[in-house]
Amino acid sequence: MFLYNLTLQRATGISFAIHGNFSGTKQQEIVVSRGKILELLRPDPNTGKVHTLLTVEVFGVIRSLMAFRLTGGTKDYIVVGSDSGRIVILEYQPSKNMFEKIHQETFGKSGCRRIVPGQFLAVDPKGRAVMISAIEKQKLVYILNRDAAARLTISSPLEAHKANTLVYHVVGVDVGFENPMFACLEMDYEVMGTLSLSGLLTPGDWPTSPSQTVGIIVPGGSDGPSGVLICSENYITYKNFGDQPDIRCPIPRRRNDLDDPERGMIFVCSATHKTKSMFFFLAQTEQGDIFKITLETDEDMVTEIRLKYFDTVPVAAAMCVLKTGFLFVASEFGNHYLYQIAHLGDDDEEPEFSSAMPLEEGDTFFFQPRPLKNLVLVDELDSLSPILFCQIADLANEDTPQLYVACGRGPRSSLRVLRHGLEVSEMAVSELPGNPNAVWTVRRHIEDEFDAYIIVSFVNATLVLSIGETVEEVTDSGFLGTTPTLSCSLLGDDALVQVYPDGIRHIRADKRVNEWKTPGKKTIVKCAVNQRQVVIALTGGELVYFEMDPSGQLNEYTERKEMSADVVCMSLANVPPGEQRSRFLAVGLVDNTVRIISLDPSDCLQPLSMQALPAQPESLCIVEMGGTEKQDELGERGSIGFLYLNIGLQNGVLLRTVLDPVTGDLSDTRTRYLGSRPVKLFRVRMQGQEAVLAMSSRSWLSYSYQSRFHLTPLSYETLEFASGFASEQCPEGIVAISTNTLRILALEKLGAVFNQVAFPLQYTPRKFVIHPESNNLIIIETDHNAYTEATKAQRKQQMAEEMVEAAGEDERELAAEMAAAFLNENLPESIFGAPKAGNGQWASVIRVMNPIQGNTLDLVQLEQNEAAFSVAVCRFSNTGEDWYVLVGVAKDLILNPRSVAGGFVYTYKLVNNGEKLEFLHKTPVEEVPAAIAPFQGRVLIGVGKLLRVYDLGKKKLLRKCENKHIANYISGIQTIGHRVIVSDVQESFIWVRYKRNENQLIIFADDTYPRWVTTASLLDYDTVAGADKFGNICVVRLPPNTNDEVDEDPTGNKALWDRGLLNGASQKAEVIMNYHVGETVLSLQKTTLIPGGSESLVYTTLSGGIGILVPFTSHEDHDFFQHVEMHLRSEHPPLCGRDHLSFRSYYFPVKNVIDGDLCEQFNSMEPNKQKNVSEELDRTPPEVSKKLEDIRTRYAF
């Protein structure tokens, strides 16, 4: 078995975010790392929407990320510390839209190791040096400079090693143009806790407290006092050289907080903003509160630190303050946000805390959290990270299955329903006085940015609407309103043309009208227009061609062309910039052919090429796509792409063919089935490039995004006709008609594979099951370090009483009012976080949810410290048709050092057609029931490391059978026939056979590798796929000669040599395939993703990625892709210097899997490299990319 790995949705969790001007213009951009992916984002300063410019897989773990610019430079470079044992410096090339590797310096072994640098990066604020440090001992400093040609140069490394120290954080100190200096927060594990300043010359040591977390650079030189701010538990401290005394200020806490009062408070991330005149820091606590920190100075000596509560946002992994006044928050879990900083919080009533205020040691300040005041949310980036569980099923009866994904953490978690498609935002919907049959938009002048008119054609009339603040009907546009319209367009600079069945109307800017009438009884049946040309087809298949001369007059070409059959559709390309005309006309005929006809004056209306079609064409569209932006000599921006002829057939198939720009030949056809109706095609603009909207029973958008073609359905109802639309509110919209309504739509999330609907949950979802009859979901949600609702209310009541008791006689009334206000206030936990209850405190609920509407049908709250870990829905053979839900719950579980007071299995009966849970009984067990699976009319439960069969009784579940020989802890159970496959938490899979007659569970085979299994999925009777917590996926199969008729030998007097191998079972499974995904996989499922597609193995990861493994169907396919992968490994090595083969073999050598993510980078290689690789494979580049596209569309999207 050979598999091919494809990513459907890349990871969405962000581990690092940096900002700067990476493209060298004044625009602020953000570079984020998502585990093994580098991504460049650009927030639009006008709309606040965040656009993705470039995403690159680096096939390595990105451990640190920094931006720097050389002194006096205008462009930021990116320094990456990864697991490759190399420091890599990248530059973004906007013209090619790619990251270029400028330097790659090797200094150590690959892999994430303790003493190989790469974990920490620090940059001298003036861009002269960069330090890369390991967790322990080694630190290297590289000096950066320019050569004569202004290229970046890098020195050989200077070593700053120091033995016996663990590093917490490294920052570059802003010393102006003095010698560069770096501050390292270290713990000396001979003596606890120091902060050392390793300048390139002088190390100096200061003792600090042992719980340091983050250091923040303070601007120096002419801009500020220099030095560092150190954030430790409960305090923030300012330190600097010389006779500057340490200044420290306690971190303020929330007033009346339900958190454990003994718990320390720390800052988890920070951002600096610096202008010519001032600077401030934003630092965020682990509850999500942001404080604005400023320093008061007196002649370069810092006298006090001031903190002021700014706002509360979800806890971030990284924050960036952009020069354009935005705050980018990369959340630790869940969606990421872009806020506009509306106020700097200088003049509000919020109290300011200062280090100069007198406080007892151990005391702190208190503040009151509130909704956003200084920040305004402008954009939200959907993120699935972390995905804890996923099931794929078609519960909504839509033909295409949906992905039901449980994701998020704590009060910000949600159940999301993913559907393949682009999200459509409806800008406006208006009713029309009848059912229109077509719609167009036109501009008044070629220089106009936005459209002026919407023209709607009915069976016997044409309606002209003008676009302004509102859309209203106009009558003086010059259009003929008493006839249906076939097409209209802007002609030349400022004239309009309307084609209707009886003629052509040419409307000049000064409202003069020229008409051309059809000869005799003939009418115009089809037409094609662009900025300078009009082609019409008369009844009987006669073509008439008009072209605009320099004076703006439409001239008919002398000859007419008779086609051999009736014309059913036509298309002209847009006129290329700087040319007089488009050279080709595509004509589709009744006889199932498409012909390309030349419009060049030398051979006008001569046929150039022809393609036969499998069915009659419905519409044609020539577009230029896939171009990279080039600037020509005059500085005009244009894109050089390929010409594609899109052909929509009447049987619902779309063909895309390459049109040769010189000869007009058609080649390299790709087919895709879109739906049951004939396909109509419309040209629209997306992200400044041409795209095609194809309408069948669903609407699809074909567009080029990041050097790959995407054909994605729109998640919207059926549309009938559309046109591109540009206005101020909606620069790249679509205006469409559906029955008797006119709709204005916008597509914002291009490049997204799924659109999602999210339903909020209360705690972290752990697992869910689908009730087969009602299709409802039963979800278990569990949080550690959390209170249940009941405990929360009780704690609040208790604190309110204490407030009243603590007050003196005269303050009683005031205290009672405060207590009442405290009991009434209810800050939403999804924003302000849930109170942290302390170690060993658990909260859980069981929820029954309708997955289509997303409403909760039933909610069962478990008691404090009961944690639900497993759930199953099943029928018992002795109770008939009733469905039961079993939930495995742990009592008083403490994770480290591990202890548990026991567990329960709650049994509920599903009543009201699967909408309500009726409690039956709870069965006490001695360990955590971490896995439950229905089995032959009974149920299998993994209790700790015991595997048991239970049956339903009146007062509790009855134990029928047990096996005690599983090594550590059962984390999952799969059943097929009489076989049970048990996943152990660290010993991979164990195969167990249930013997009904003897009522015994007997182990008959196991795996030879230790694997920390997180999830498993059966592929067939002998084969199981599993994933482990280190990010590997494996497929394990029993050899064909395996015998499961084994007898257990309790007496031990059988032969010694039959005792088993390697302390395990006597028969071993074989490994069929191994593959390192690089992200922890938490769900696996064998399923089909598209109707009529083949089966694939779908996995979801903790970072929010979704991928599939698909089997090859033929040897030549496998051989071809193996060679593609081999050539790409050598021709296009990963960006951060990690070896691709060794990355995919991190824990186990990669076996029988070809990495499609690497193969698909073929499309983003330089054309000459593409040519070299494809020649080695005896193909042409288009053939290679066609193979890549085919295998993707056969299984998924």
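## Why is it called that? Asking about a predicted model

The structure holds 35 aromatic pairs, and the model it comes from is predicted.

Me: What makes Phe-291 and Phe-367 an edge-to-face pair?

Reply: Two values settle this one. The ring centres of Phe-291 and Phe-367 are 5.2 Å apart, and a pair needs centres within 6.5 Å. The planes stand at 90 degrees, and over 60 counts as edge-to-face, so the name fits. Phe-291 belongs to strand 26 (residues 289-298) and Phe-367 to strand 32 (residues 366-367), so this pair links distant parts of the chain, 76 residues apart. Both Phe-291 and Phe-367 are buried.

Me: And why is the pair of Phe-754 and Phe-1197 called edge-to-face?

Reply: Run the check again: centres 5.6 Å apart and planes at 90 degrees, so Phe-754 and Phe-1197 are edge-to-face. Phe-754 sits in strand 66 (residues 754-760), while Phe-1197 is in the segment after helix 8, 443 residues apart. Phe-754 and Phe-1197 are buried.

Me: Which residues do ring pairs link into a cluster?

Reply: That would be Trp-1012, Phe-1030, Phe-1143, Tyr-1146 and Tyr-1147. Among them, Trp-1012, Phe-1030 and Tyr-1147 also form a nonpolar patch on the surface, with about 280 Å² of accessible area together.

Me: Why does Phe-1030 count as partly exposed?

Reply: Its relative accessibility is 33%. Buried means under 20% and exposed means over 50%, so at 33% Phe-1030 lands in between and is partly exposed. You can find Phe-1030 in the loop between strand 84 (1023-1028) and strand 85 (1032-1037).

Me: How do you know that Asp-1006 and Lys-1068 form a salt bridge?

Reply: Look at the closest N and O atoms: they are 2.5 Å apart. The cut-off is within 4 Å, so Asp-1006 and Lys-1068 pass. The pair links distant parts of the chain, with Asp-1006 in strand 82 (residues 1000-1006) and Lys-1068 in the loop between strand 85 and strand 86 (1070-1076), 62 residues apart.

Me: Are Asp-1006 and Lys-1068 buried or exposed?

Reply: Asp-1006 has 11% relative accessibility and counts as buried. Lys-1068, at 17%, counts as buried too. Both values fall under 20%, so that's the label they get.

Me: What makes Asp-1117 and Arg-1194 a salt bridge?

Reply: Their N to O distance is 3.8 Å, and the limit is 4 Å, so this pair qualifies. Asp-1117 lies in helix 4 (residues 1115-1131) and Arg-1194 in helix 8 (residues 1181-1195), so the salt bridge ties together parts 77 residues apart in sequence. Asp-1117 is buried at 9% relative accessibility, whereas Arg-1194 is partly exposed at 30%.

Me: How many salt bridges are there?

Reply: The count comes to 68. One of the networks to look for joins Glu-926, Arg-948, Arg-959, Glu-962 and Lys-964.

Me: Why is Cys-1136 not in a disulfide?

Reply: The closest cysteine sulfur, in Cys-112, is 12 Å from the sulfur of Cys-1136, which is too far for a bond. A disulfide needs the sulfurs within 2.5 Å. By that rule the count comes to zero disulfides. Cys-874 is in none either: the nearest cysteine sulfur, that of Cys-961, is 17 Å away.

Me: What makes Lys-922 sit over the ring of Phe-904?

Reply: The charged end of Lys-922 is 4.1 Å from the ring centre of Phe-904, and the distance limit is within 6 Å. Arg-1011 sits over the ring of Phe-1148 as well, with its charged end 4.6 Å from the centre.

Definitions and conventions. Residues are numbered from 1 along each chain as its sequence is written. This is a predicted model: local features need pLDDT of at least 70, side-chain atom pairs count only at pLDDT 80 or more; totals for chains, interfaces and linings use all residues. Side-chain values use heavy atoms; hydrogens and water are left out. Patches are made of residues with over 30% relative accessible area and no salt bridge: like charges are joined within 9 Å, nonpolar side chains (Val, Leu, Ile, Met, Phe, Trp, Tyr) within 5 Å. Accessible areas come from the Shrake-Rupley method with a 1.4 Å probe; for residues, only the protein chains shown count as cover. A salt bridge is a side-chain nitrogen of Lys or Arg within 4 Å of a carboxyl oxygen of Asp or Glu. Helices (H or I, at least four residues) and strands (E, at least two) are DSSP runs, numbered from the N terminus. Buried means under 20% relative accessible area, exposed over 50%, partly exposed in between (1.4 Å probe, protein chains only). Rings of Phe, Tyr and Trp (its six-membered ring) pair if their centres lie within 6.5 Å; planes under 30 degrees apart count as stacked, over 60 as edge-to-face and the rest as tilted. A charge sits over a ring if NZ of Lys or CZ of Arg is within 6 Å of the ring centre and within 35 degrees of the ring normal.
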